[in-house]
Amino acid sequence: MRLKRIKVVVPELVVLFGYDFSVPEYECTCGTEVEVDYKYCPYCGAELAWDQVRKLSKKLKRVHK
């Protein structure tokens, strides 16, 4: 049996945009933009851990509303 190492990264929230700031944009640690429906980074192949993405801070939630 052969084992393969899989790099797991937590996507980083880069910016909120749109009329009401409801569209988040995320980035992999390699700098590639990733969408919420991606399981793996299209550039480096790292697995994206969406369950560990930081939630919006209270300050950002106030700006968001």
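Two strands count as paired if DSSP finds at least two bridges between them. That rule underlies the strand partners on this tour of a predicted model.

**Whole chain**

Start with the entire chain in cartoon view. The secondary structure amounts to five strands and one helix, and their order along the sequence is β-β-β-β-β-α. Switch to a surface: about 5,800 Å² is exposed, and 53% of that comes from carbon and sulfur atoms. Of the 65 residues, 18% are buried. For the contacts between residues at least 6 apart in sequence, 33% join residues at least 24 apart.

**The sheet**

Select residues 12–17, 23–27 and 33–34, which are β2, β3 and β4. These three strands form an open sheet, ordered β2-β3-β4, with antiparallel pairing. The edges are β2 and β4, each of which pairs on one side only.

Take the β2 side. Strands β2 and β3 run antiparallel and are joined by five bridges. Show Phe17 and find Val23 of β3 opposite. Next select Val15, whose bridge partner in β3 is Glu25.

Now move to the other edge. Two bridges join β3 to β4, again an antiparallel pair. Pick Glu27; the residue bridged to Glu27 in β4 is Glu33. Between these two strands the hairpin has five residues, and Gly31 takes a positive phi near 100°.

**The aromatic pair**

Select Tyr26 and Trp50 and show their side chains. The structure holds one aromatic pair. The ring centres of Tyr26 and Trp50 are 5.1 Å apart and the planes meet at 80°, so the pair is edge-to-face. Tyr26 sits in strand β3, while Trp50 is in the loop between β5 (47–48) and α1 (58–64), so the pair ties together parts that are 24 residues apart in sequence. Is Tyr26 buried or exposed? Tyr26 is buried, with a relative accessible area of 14%.

**The nonpolar core**

Keep Tyr26 selected and add Val9, Cys28, Val34, Cys41, Ala46, Leu48 and Val53. With Tyr26, these residues make up the largest nonpolar core, eight residues in all. In soluble globular proteins, nonpolar side chains tend to be buried together.

Centre the view on Cys41. Which residues does Cys41 touch, not counting residues up to four places away in sequence? They are Cys28, Cys30, Thr32, Val34, Ala46 and Leu48. Cys28, Val34, Ala46 and Leu48 also appear in the list of core residues.

**The cysteines**

Finish by showing the sulfur atoms of Cys28, Cys41 and Cys44. How many disulfides does a search of the whole structure find? The count is zero. Cys28 is in no disulfide, and its nearest cysteine sulfur, in Cys41, is 3.8 Å away. The cut-off for a disulfide is a pair of cysteine sulfur atoms within 2.5 Å. Cys28 counts as buried because its relative accessibility is 3%.

Then turn to Cys44. Why is Cys44 not bonded to Cys41? The closest cysteine sulfur to that of Cys44 is in Cys41, 3.7 Å away, which is too far for a bond. At 36% relative accessibility, Cys44 counts as partly exposed, whereas Cys28 is buried.

Conventions. Residues are numbered from 1 along each chain as its sequence is written. This is a predicted model: local features need pLDDT of at least 70, side-chain atom pairs count only at pLDDT 80 or more; totals for chains, interfaces and linings use all residues. Side-chain values use heavy atoms; hydrogens and water are left out. A nonpolar core is a set of buried Ala, Val, Leu, Ile, Met, Phe, Trp, Tyr and Cys residues joined through side-chain atoms within 4.5 Å. Buried means under 20% relative accessible area, exposed over 50%, partly exposed in between (1.4 Å probe, protein chains only). Contact means heavy atoms within 4.5 Å. Helices (H or I, at least four residues) and strands (E, at least two) are DSSP runs, numbered from the N terminus. Accessible areas come from the Shrake-Rupley method with a 1.4 Å probe; for residues, only the protein chains shown count as cover. Rings of Phe, Tyr and Trp (its six-membered ring) pair if their centres lie within 6.5 Å; planes under 30 degrees apart count as stacked, over 60 as edge-to-face and the rest as tilted.
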